[in-house]
Amino acid sequence: MAIHVSGLFVYPVKSCRGIALEAAELGTRGIRFDREWMVVNERGTFVSQRSYARLALVETALTEARLRLSAPGMESIEVPLAPQPGAAAAVTVWGDRCAAVDQGEEAARWFGALLQTPCRLVRMDPDWVRPVNPRYAPPGSQVGFADGYPLLALSEASLADLNARLVQPLPMDRFRPNLVVSGCEPYAEDTWPAVRVGEVILRAAKPCVRCKITTIDQQTARPMGEEPLRTLATYRQIDKGQIFGQNMVHTSPGRLALGDAVEMVALAGPV
């Protein structure tokens, strides 16, 4: 079978649960609404499952006009999708200072109760430009509050190969990809300088170095030990850690959909 898209996911709030999509619109920063919101501490620094695993329990849903957030034992809340006036906030994600808009007291109380620590929900300012590291991406590439790149691609074959090495197989949600592909060999995504997916060209940026979040059960928020990092270290180790999946950037806005063919393309010039 030809290589094709078998999964699409958007994660509206950084480190919270994703939403499976049938189709996705790519804007300047990646999939529309992906990592557009983020939880920050009192200093304006982002928080994630690395320190607050309970963020994995936050279920996100996109309606026509609102983002709905829910978690076990808590009343759901909603925030508008249309940008709203709010207090300006200077926030930090992995050392990048970004302009954001505070999402109000209700959201702050909700996340504070969930995490049992003072925190705020913020949204990236619609006019803010957070560039992707130019060492790995073409000039003009942007990203929201994702760790560093607008898209993460992972193949079903790579996960199957990893699971064959594990005592307890893991689901795809441990790795939080945006784009899942099927019909290729394991780790083929590591070898693609550029691909056409539907109407969009995606360029490889760098392999994704995995972190502690992969060891957290995304349905229960329970830490599950050292896997898969321990096994990945036996065959996917580089200087900076264990790699699994490929970070990618898109060269233009466009649309992705389940079933789209994934085709290799040759691009002239450096990334």
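Here are some exercises with worked solutions on the structure above.

The model is predicted, so local features need pLDDT of at least 70 and side-chain atom pairs count only at pLDDT 80 or more, while totals for chains, interfaces and linings use all residues. Residues are numbered from 1 along each chain as its sequence is written, and side-chain values use heavy atoms, leaving out hydrogens and water.

**Exercise 1. Follow the strand β7**

Task: Find which side chains of β7 are buried, and which strands pair with β7.

Solution:
- Step 1. Start with the terms. Helices (H or I, at least four residues) and strands (E, at least two) are DSSP runs, numbered from the N terminus. Buried means under 20% relative accessible area, exposed over 50%, and partly exposed in between, with a 1.4 Å probe and protein chains only. Two strands pair if DSSP finds at least two bridges between them.
- Step 2. Look along β7 (residues 66-70), where the side chains alternate. Leu-67 and Leu-69 point to one face and are buried, whereas Arg-66, Arg-68 and Ser-70 point to the other face and are not.
- Step 3. Turn to β6 (residues 59-62), which pairs with β7 in the antiparallel sense over four bridges. These two strands form a hairpin with three residues between them, and Ala-61 stands opposite Arg-68.
- Step 4. Now take β8 (residues 77-80), which is also antiparallel to β7, over four bridges. Here the bridge partner of Arg-68 is Glu-78.
- Step 5. Between β7 and β8 the hairpin has six residues, and Gly-73 takes a positive phi near 75° there.

**Exercise 2. Find the edges of an open sheet**

Task: Work out which strands stand at the edges of the sheet β4-β3-β18.

Solution:
- Step 1. Read the order: the open sheet has three strands, β4-β3-β18, with antiparallel pairing.
- Step 2. β4 (30-31) and β18 (254-257) each have a single partner strand, so one side of each is left without a neighbour in the sheet.
- Step 3. Check one pairing: four bridges join β3 (residues 23-27) to β18. In that pairing, Ala-23 has Ala-257 as its bridge partner.

**Exercise 3. See what the helices pack against**

Task: List the buried residues of α1 and α2, and name elements that cover them.

Solution:
- Step 1. In α1 (residues 105-115), the buried residues are Ala-107, Ala-108, Trp-110, Phe-111, Gly-112, Leu-114 and Leu-115.
- Step 2. They pack against β5 (37-40), β7, β8 and β11 (120-124), where contact means heavy atoms within 4.5 Å.
- Step 3. Just after α1, Gln-116 takes a positive phi of about 55°.
- Step 4. In α2 (residues 156-165), Ala-157, Ser-158, Leu-159, Leu-162 and Asn-163 are buried. Their cover includes β12 (151-155), α3 (229-232) and β17 (241-250).

**Exercise 4. Spot unusual backbone angles**

Task: Locate Arg-35, Arg-176 and Pro-228, and describe the backbone at each place.

Solution:
- Step 1. Keep the background in mind: most residues other than glycine have a negative phi, and most peptide bonds are trans.
- Step 2. Arg-35 is in the loop between β4 and β5, with a positive phi near 50°. This arginine is buried, at a relative accessible area of 11%.
- Step 3. Arg-176 lies in the loop between α2 and β13 (179-182), and its phi is positive too, near 50°. Arg-176 counts as buried, at 10% relative accessibility.
- Step 4. Pro-228 is in the loop between β15 and α3. The peptide bond from Glu-227 to Pro-228 is cis, with omega near 10°.

**Exercise 5. Explore the largest pocket**

Task: Describe the volume and the lining of the largest pocket.

Solution:
- Step 1. On a 1 Å grid over the protein atoms alone, a pocket is an open set of points where a 1.4 Å probe fits, with protein on both sides within 12 Å along at least five of seven lines; lining residues have an atom within 4 Å of a point.
- Step 2. The pocket holds about 800 Å³ of space, where a volume is the space filled by probe spheres set on the points, and points are joined across faces, edges and corners.
- Step 3. The lining has 33 residues, and Arg-50, Asp-147, Gly-148, Cys-208 and Val-209 lie nearest the centre.
- Step 4. β15 gives the largest share of the lining, three residues.
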